[in-house]
Amino acid sequence: MRQKIVAGNWKSHKTLNEAIQLCSEVVSIAQAEVDSRVQIVLSPPYPYLERLSHLLQGQSVGLAAQNCSAYDQGAYTGEVTASMLQSVGAAYVILGHSERRKIFMESDSDVLAKTERALNSGLQVILCCGEPLDIRENGTHLSYVQHQLEQSLSKLPAEQGINLVVAYEPVWAIGTGKNAIPEQISEMHTHIYQLIKSHWGEVANTLPILYGGSCKPSNAAEIFACDHVDGGLIGGASLVARDFIDISKSFKW
Ligand code: PGA
């Protein structure tokens, strides 16, 4: 069975006090309301990870970083290594997000280097993929996403599949209020599932595939009911505890 996961990507939002408050709200409402089969993950900015990891001690809510260095420790001013993240309590790291690829020029090989560092440091990787609007419009979205993912899948051993989560996030749906429709989501998630299966066989039946891009309480149930959708990577709606929890309650069992 594939784990259901709802991960909140806070991006560059919140002060420390606001982050603590949001985290505390999510934990207390989640305990009362969210099915224990759903793994909730919070991904605050780097400086808040350690503080939040203390707040989350003994809780079932997981902690993710939003990026990590492609290098091990050394003379890399400004970089944060995967082992540092692991040492302050992060269990996951989001890699290959379209904002990193587009604004910070990360290539598929950068994403692979980071993924290898993260996996070797014992982090679980939420590996993002997704096509921009022009690719969707010219109809080559399946091969575009396949190429993105194959850069990693073909280089990693199948055993690492248990530490991987894939997040499909069409770039045109991120932060736009315009989510992909169920047919588009089912088509892509089925394609990703089959791709994982062709590389890694049975691993495909345990590797969660999340959808991200304007997922909110009003559309989460419809999105989570699509083929091979095991949850969501949530941006804007994860900044409000009530909305994030309502999304986490949108699975049909
Ligand atoms: P959004 O962002 O939910 O605000 O569209 C999703 C993401 O970037 O992970």
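Let me start with a term: a residue is called buried when its relative accessible area is under 20%. By that rule Thr115, at 0% relative accessibility, counts as buried, and I should say straight away that everything I describe today comes from a predicted model.

Thr115 is found in helix 5, and, leaving aside residues up to four places away in sequence, it touches Leu95, Val125, Leu127, Leu156 and Leu164.

From that one residue, let me turn to the core. In soluble globular proteins, nonpolar side chains tend to be buried together. Here the largest nonpolar core has 71 residues, and those with the most contacts inside it are Ile40, Val93, Leu149, Ile192, Ile196, Tyr211 and Phe224. Helix 1, which covers residues 16-33, gives the largest share of this core, namely eight residues. Apart from this core lies another, of 12 residues, with Ile5, Ala7, Val41 and Ala64 among them.

To take one well-connected example, what does Ile192 touch, if we do not count residues up to four places away in sequence? Its partners are Cys129, Val145, Leu149, Val166, Tyr168 and Ile209.

Cys129 brings me to the cysteines, and how many disulfides does the structure hold? The count is zero. For Cys129, the nearest cysteine sulfur is that of Cys128, and it is 7.5 Å away, while Cys129 itself, at 4% relative accessibility, counts as buried. Why is Cys226 not bonded to the cysteine with the closest sulfur, Cys215? The two sulfurs are 10 Å apart, which is too far for a bond, and Cys226 also counts as buried, because its relative accessibility is 8% and the limit is under 20%.

My last topic is empty space inside the model. A search of the whole structure finds one cavity of 30 Å³ or more, and the largest cavity has a volume of about 50 Å³. Its lining is made up of Arg101, Asp108, Val111, Leu127, Cys128, Cys129, Gln148, Leu149, Gln151 and Ser152, so we meet several residues again, including Cys129 and Leu149, as partners of Ile192. The elements that give two or more residues to this lining are helix 5 (108-120), strand 5 (124-129) and helix 7 (141-153), and helix 7 provides the largest share, four residues. Sorted by class, the lining has five nonpolar, three polar and two charged residues.

Notes. Residues numbered from 1 in each chain as written. Predicted model: local features only at pLDDT ≥ 70, side-chain atom pairs only at ≥ 80, totals over all residues. Heavy atoms only, no water. Core = buried A, V, L, I, M, F, W, Y, C linked by side-chain atoms within 4.5 Å. Buried < 20%, exposed > 50% of the residue type's maximum accessible area, 1.4 Å probe, protein only. Contact = heavy atoms within 4.5 Å. Disulfide = S-S within 2.5 Å. 1 Å grid on protein atoms, 1.4 Å probe; cavity = no way out; pocket = protein on both sides within 12 Å on 5 of 7 lines; lining within 4 Å. Points joined across faces, edges and corners; volume = space filled by probe spheres on them. Nonpolar A, V, L, I, M, F, W, Y, C, P; charged D, E, K, R; others polar.
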